[in-house]
Each structure stands twice: as C-alpha cells, then as structure tokens.
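Please open the structure in your viewer and keep the sequence beside it. The tour below goes from stop to stop, saying what to select and what is found there.

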Amino acid sequence: GADCIHLDVMDGSFVPNISFGPLMVETVRRLTSLPLDVHLMIVQPDRYVEAFAAAGATSITVQAEACLHLHRQIAQIHDLGLRAAVALNPATPLAAIEEVVTDLDMVLIMTVNPGFGGQSFISQSLSKVRRTRDLFERCGSAADLQVDGGISAANIAEVARAGANVFVAGSSVFTKARTVEASMRMLRQALAADTA
Ligand code: ZN
C-alpha cells in the first residue's frame with residue numbers, strides 16, 4: 001500500500017546507529033518497482049551518492065548538517081539523474097535551505113532526531129512544517145514536503161494540515177499489532193477522514 005520505499009542509511013558517525021549501504025538498496029531495487037527514496041544520514045554524502053545512484057535510488061536525501069557545500073551536493077545528485085532532497089534535523093533552522101530551495105525536489109523535515117526507529121514525534125516540528133510550506137509558496141516551489149519520525153494514524157492528519165504531503169512511517173507500519181497492509185490502510189484513512 002505504499003507509494004514509495006524510504007530507506008534510512010546510517011553510518012555510525014552522523015548518527016549513532018549503523019544500518020546498511022548501497023548493497024541493500026540494490027537488493028530492494030530487485031524486489032519492487034516502487035520509487036526508492038534513499039535518506040543518507042551519513043557524513044560526507046558526496047563520497048557515496050554515485051554508489052547509491054548505481055544501486056537504483058530514485059531520489060537521494062542528504063542531511064543539511066552533513067554538507068559543507070550544499071549547492072554543489074544538490075547538483076551532484078541532479079547530474080546523476082535523480083531527485084534531490086535535503087533533510088533538516090529538529091535543531092537545524094529552516095534558513096539552512098533558504099538559498100537552495102528552488103533547486104530542490106523535496107525537503108525533509110525531521111520530526112525526531114535521526115538515528116533510531118520508534119521515537120515520538122517532536123511537536124514543535126509542526127510549526128517548522130508550516131514555515132517550510134510558507135517558504136515554498138513564497139519561492140513558487142512545487143517541491144514535496146516530507147516528514148520523517150514518529151508519524152502515525154494519530155498525528156498524520158495534523159501534519160498534513162501543517163503542509164506536509166509525503167509521510168515516512170516505520171514503527172506505525174511495522175508493528176506486531178497488525179499487518180503492514182492494515183497499518184497502511186489506517187494511515188490513509190486517517191488522512192482521508194481529515195480532508196473529507
Ligand atoms: Zn528517513
């Protein structure tokens with residue numbers, strides 16, 4: 001029931017955890033025709049975007065905090081023919097992307113601190129989502145506004161109202177309480193009920 005697969009790459013340096021690298025992306029690429037949205041929570045992402053592009057990524061998201069030359073980083077991703085996105089940690093101001101916003105296909109507002117699954121949504125991030133939507137409108141940007149961290153049926157509608165249109169869900173989808181399909185239905189129903 002998903003529109004795309006979001007893959008969290010962690011290097012044990014930018015975030016405490018280590019998850020997986022391009023090999024896993026390559027494996028997932030063989031298993032689905034859905035777009036692969038690769039979120040690099042790693043230092044020096046410029047050293048690896050080529051490998052993730054070759055592995056089959058559709059879009060690559062880099063963390064603004066991990067890039068010394070964000071503008072060049074975005075160009076590198078575009079040169080590989082991929083969609084480019086930038087993620088902002090909860091403590092990183094929106095101003096970090098203001099100068100490059102018109103170059104971006106998507107902005108990811110982290111609604112938890114990256115690095116672990118199962119964290120709860122940081123409620124201050126709602127205002128940041130709103131301000132990001134405002135920035136898009138001011139700049140005439142048609143980019144997607146993605147949220148990642150603690151998204152569930154309980155808050156997805158509120159986050160959508162704040163201006164997000166792409167929702168990453170991990171713990172609320174992969175739960176012992178129900179099947180993945182049932183979880184996806186719950187999320188979509190929570191969204192639809194709100195816009196109805
Ligand atoms: Zn992510």
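The stops that follow begin at a metal site and then move through strands, helices and loops.

This is a predicted model, in which local features need pLDDT of at least 70 and side-chain atom pairs count only at pLDDT 80 or more, while totals for chains, interfaces and linings use all residues. Residues are numbered from 1 along each chain as its sequence is written, and side-chain values use heavy atoms, with hydrogens and water left out.

**The zinc site**

Select the zinc ion together with His6, Asp8, His39 and Asp148, which coordinate the zinc ion through NE2, OD, ND1 and OD respectively, at 2.0 to 2.2 Å. Donors here are N, O and S atoms within 2.8 Å of the metal (3.2 Å for Na, K and Ca), and since water is not among the atoms, sites may look incomplete. Along the chain, the donors follow the spacing H-x1-D-x30-H-x108-D. What arrangement do the 4 donor atoms make around the zinc ion? The arrangement is irregular, because the angles they subtend run from 94 to 157 degrees. (Four donors count as tetrahedral if all angles lie between 85 and 135 degrees; four count as square planar and six as octahedral if opposite donors are over 155 degrees apart and all others between 65 and 115; anything else is irregular.) One of the donors, His6, is buried, with a relative accessible area of 18%, where buried means under 20%, exposed over 50% and partly exposed in between, with a 1.4 Å probe and protein chains only.

**Strands E1 and E2**

Next, colour strand E1 (residues 5–10) and strand E2 (residues 36–41), which pair in the parallel sense over 6 bridges. Helices (H or I, at least four residues) and strands (E, at least two) are DSSP runs numbered from the N terminus, and two strands pair if DSSP finds at least two bridges between them. Asp8 stands opposite His39 in E2, and both of these residues are zinc donors. The chain crosses from E1 to E2 through helix H1 (residues 22–31), and this β-α-β crossover is right-handed, a term used if, with the strands pointing away from the viewer, the path from the first strand over the helix to the second runs clockwise.

Within helix H1, select Val28, which counts as buried at 14% relative accessibility. Leaving aside its neighbours within four places in sequence, Val28 is in contact (heavy atoms within 4.5 Å) with Ile5, Leu7 and Leu36. Leu23 is also found in helix H1, but Leu23 is exposed, with a relative accessible area of 63%.

**Strand E6 and its partners**

Now move to strand E6 (residues 144–148), which is largely enclosed by the rest of the structure, because 5 of its 5 residues are buried. Both faces are covered, with Asp144, Gln146 and Asp148 on one side and Leu145 and Val147 on the other. In a regular strand the side chains alternate between the two faces of the sheet.

Add strand E5 (residues 106–110), which runs parallel to E6 and is joined to E6 by 5 bridges; here Met106 stands opposite Asp144. Strand E7 (residues 166–168) also pairs with E6 in the parallel sense, over 3 bridges, and Asp148, the zinc donor, stands opposite Val168 in E7. From E6 to E7 the chain crosses through helix H6 (residues 156–162), in a right-handed β-α-β crossover.

**Helix H5**

Select helix H5 (residues 125–139), which makes a right-handed β-α-β unit with E5 and E6. Its buried residues include Leu126, Val129 and Phe136, and the buried residues of H5 pack against strand E4 (83–88), helix H4 (95–98), E5, E6 and H6. Just after H5 comes Gly140, whose phi is positive, near 65 degrees.

**Two loop residues**

For the last stops, find Asn89 in the loop between E4 and H4, where Asn89 is buried with a relative accessible area of 13%. Apart from its neighbours within four places in sequence, Asn89 is in contact with Phe14, Gln63, Glu65, Met110, Pro114 and Lys128.

Then go to Gln44, in the loop between E2 and helix H2 (49–55), which counts as partly exposed at 41% relative accessibility. The phi of Gln44 is near 45 degrees, a positive value in a residue other than glycine. Most residues other than glycine have a negative phi.
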